[in-house]
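Open your viewer and get your selection tool ready. We will go from the whole chain down to single residues, one stop at a time.

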Amino acid sequence: MDTQHSFLLSPSEYDGDGLLDGIPMRPIQFNSSADGAAPDVPQADDGATPPEAAGVGVLPPKIMSEILSIDREGALRFFKWYSVFLSDGGGAGKTASTSLQEYYDFRIKDVGYSYWSGKILFSYAISLTPEDEKAVAEFSRPAWISLLLVNDLYSYEKEHWLANSTGRSLTNNGVRVIMQERGVDLAEARKICRAEIIEAHKQHLAMIERAKADGRYSLGLVRLLDGLTHSIAGNVVWSQGHPRYDSTAQYTPEQIGWMTNGNKKRKLDQVGLFNGVNNIPPEHAVLHNSAEPLPIQVIDGPSRYIASLPGKGIRSKVISALNLWYEVPPASAAIIKSIINLLHNASLMLDDIQDNSPLRRGKPPTHMVFGQAQTINSSSYKIAEALEEALKLGTMDCMRIAIKDSKGLYISQSLDLHWTANLICPLVEEYIKVLDASGLIRMLTRLLEANSPLPKKPDLHTLTAMLGRLYALRDDYQNLSSAEYTQTKGFCEDLDEGKYSLPLIHALNNLPDDKALILRNILTQRRVCGKSTPEHKQMVLDLFEEAGSFDYTPDAIRTLQCEVDQELDAAERETGVRNEEVRGIIELVKL
């Protein structure tokens with residue numbers, strides 16, 4: 001999608017429906033894509049598409065690959081913002097709002113604040129400073145109030161009709177909230193809504209001037225707000241005439257069925273849960289042998305918590321990408337994803353306890369919320385659930401794969417813990433062997449292969465093993481060198497754990513004896529104290545620099561990247577299918 005030209009229209013040159021005084025519009029003409037698809041335009045959630053069909057959380061691989069090739073750093077920034085949308089937005093947790101301000105707080109996330117902001121940052125090639133990022137939510141709030149209220153103003157009739165058709169009450173619409181909060185009729189609520197929109201526009205323009213005048217913020221924040229200005233104008237013009245909000249255009253019975261039944265959650269029946277059938281005398285009820293199962297809310301708590309933390313979802317992406325070649329039926333592929341996600345989250349909960357991690361994805365780790373005992377119990381339960389899922393694949397071969405590779409996962413962790421506890425520096429070959437067994441990519445590859453209906457299955461084991469190795473090496477390196485990792489996991493967290501990574505192994509084997517002795521004694525002090533001080537960590541980083549470990553490690557990773565690219569080319573030649581999804585994943589995990 002190439003921008004051919006754009007130009008500014010003043011408010012007097014287009015119909016802003018009386019809402020856009022002082023707001024210019026920038027029309028943009030696009031080249032049509034090769035398949036004739038329209039440009040990607042985000043639309044508010046009105047429930048017209050079933051959740052499982054909507055593709056929420058999945059960017060088309062071709063788009064991922066293309067934007068990575070255009071601006072890799074900008075694309076990675078966009079993916080970071082997009083991941084926030086996946087955890088916060090997309091209609092999650094809809095509830096009735098009792099006030100307009102409460103409604104704003106919910107709907108700003110729901111309408112796609114972080115997703116659309118990320119797209120503006122990428123499209124305008126904007127980089128934000130840490131100070132800018134802290135201020136974005138405050139400075140952009142008026143713009144988002146405008147965007148969501150304009151949506152609600154023009155979509156009210158369609159949403160009202162839909163609510164009546166599905167037997168639901170209309171709760172997530174600003175016009176309805178105004179009617180309920182202020183006790184006014186529809187006509188008056190519309191007037192108030194329009195006034196709120198106009199006021200939001202004034203506040204937005206004032207925020208731009210404030211950002212320009214405040215020396216703490218960069219030009220990037222101002223440019224982001226300018227981009228939102230054009231979004232405001234385009235949203236009003238688009239909303240006035242788009243068929244999406246045409247109350248005479250009705251949904252199909254199938255769509256109404258999705259909206260009525262597609263996403264209902266079972267509610268726990270509290271009646272008689274512990275006391276058996278209702279005709280047992282109360283004084284004897286506790287002795288009754290109830291057939292009701294025990295509630296699982298408690299044991300599920302830790303695993304639900306860690307699953308709620310925003311992550312990259314790389315393993316599910318790998319399964320989808322490889323399945324372009326393996327052609328596993330969707331139902332079996334979904335089970336494989338479930339197995340891998342269950343085991344991954346179980347291992348994360350245990351890892352954080354074993355490593356005494358202070359953060360997991362920028363939040364407290366599970367054991368610091370639920371305690372170690374409950375976290376270990378939940379992790380063990382999830383491992384059992386994963387094996388139960390493997391049974392659904394219908395063959396003992398799949399069960400054997402799940403059991404064997406799960407054992408390998410924990411054997412590799414035992415060696416990692418042994419080296420750390422006893423200050424044993426492994427050989428690089430030993431380290432790589434443990435690295436290969438510690439991920440789940442080998443298991444998911446073998447499960448996909450076992451469930452592929454193809455008479456001749458492609459041999460992808462070398463490619464996926466090298467991809468898993470690349471991901472792990474890059475992750476260990478960035479733990480020591482990336483500012484983003486410092487924010488989400490803590491400053492050089494691997495040094496607190498005493499974990500042997502490639503830079504540490506290289507430094508211990510390449511420093512002069514006197515400097516190597518210093519490094520070993522710092523590791524000893526970490527074991528005695530339970531963690532490293534910031535001063536010790538900085539000294540270790542300085543020793544890495546002196547040993548050339550921060551040159552050796554990225555060089556080794558880039559060499560591996562080239563080998564992965566070669567394996568990918570070989571796989572595409574063998575299958576005769578170019579795999580954009582795999583290419584996009586490889587770009588994501590490269591340095």
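Among contacts in the protein chain between residues at least 6 apart in sequence, what percentage join residues at least 24 apart? In this predicted model, the figure is 74%.

**The whole chain**

Start with a cartoon view of the protein chain: it has 27 helices and two strands. Now colour by burial, and 45% of the 591 residues come up as buried. Switch to a surface, and about 30000 Å² is exposed, with 54% of that supplied by carbon and sulfur atoms.

**The nonpolar cores**

Next, select Leu322, Ile339, Leu519 and Phe544. Within the largest nonpolar core, which has 72 residues, these four touch the most other members. Add helix 20 (residues 461-481) to the selection, since nine residues of this core come from there, the largest share. Apart from this core lies another one, of 50 residues; Tyr14, Tyr113, Val136 and Val222 are among them.

Go back to Leu322 and show its surroundings. Setting aside residues up to four places away in sequence, Leu322 touches Leu444, Thr445, Leu448, Leu460, Thr464 and Val582.

**Helix 26**

Now pick residues 549-575, which form helix 26. With 27 residues, helix 26 reaches 39 Å from its first C-alpha to its last, close to the 39 Å expected at 1.5 Å a residue. Which residues of helix 26 are buried? They are Ser549, Phe550, Thr553, Pro554, Ile557, Leu560, Gln561, Val564, Leu568, Ala571 and Glu572. Display the partners of these buried residues too: they pack against helix 13 (314-326), helix 20, helix 23 (502-510), helix 25 (534-547) and helix 27 (580-589). Just after helix 26, click on Gly576 and check its backbone torsions, as its phi is positive, near 75°.

**Asn451 in helix 19**

Move to helix 19 (residues 441-451) and select Asn451. Is Asn451 buried or exposed? Its relative accessibility is 14%, and because the cut-off for buried is under 20%, Asn451 counts as buried. Draw a distance from its side chain to the backbone oxygen of Leu447: a polar atom of the Asn451 side chain lies 2.8 Å from that oxygen. Leaving out neighbours within four places in sequence, the contacts of Asn451 are Val328, Pro329, Ser332, Ile336, Leu393 and Cys398.

**Ser347 in helix 14**

Helix 14 (residues 330-355) is the next stop, with Ser347 in it. Ser347 has 10% relative accessibility, so it counts as buried. Beyond residues up to four places away in sequence, Ser347 touches Leu409 and Tyr410.

**Val428 in helix 18**

Then select Val428, which sits in helix 18 (residues 428-438). Val428 has a relative accessible area of 30%, so it is partly exposed. Show Tyr500 as well: its C-alpha is 10.0 Å from that of Val428, although the two residues are 72 apart along the chain. Not counting residues up to four places away in sequence, Val428 touches Leu502 and Ile505.

**A last look at the cysteines**

To finish, select the cysteines. How many disulfides are there? The count comes to zero, going by pairs of cysteine sulfur atoms within 2.5 Å. Two cysteines to click on are Cys425 and Cys562. Cys425 counts as partly exposed at 29% relative accessibility, and Cys562 is also partly exposed, with a relative accessible area of 46%.

Conventions. Residues numbered from 1 in each chain as written. Predicted model: local features only at pLDDT ≥ 70, side-chain atom pairs only at ≥ 80, totals over all residues. Heavy atoms only, no water. Helix = DSSP H or I, 4+ residues; strand = E, 2+ residues; numbered from the N terminus. Buried < 20%, exposed > 50% of the residue type's maximum accessible area, 1.4 Å probe, protein only. Contact = heavy atoms within 4.5 Å. Areas by Shrake-Rupley, 256 points an atom, 1.4 Å probe, with all protein chains shown as cover. Core = buried A, V, L, I, M, F, W, Y, C linked by side-chain atoms within 4.5 Å. Polar contact = N/O pair within 3.5 Å; in protein donor to acceptor, adjacent residues only side chain to side chain. Expected span 1.5 Å × (residues − 1).
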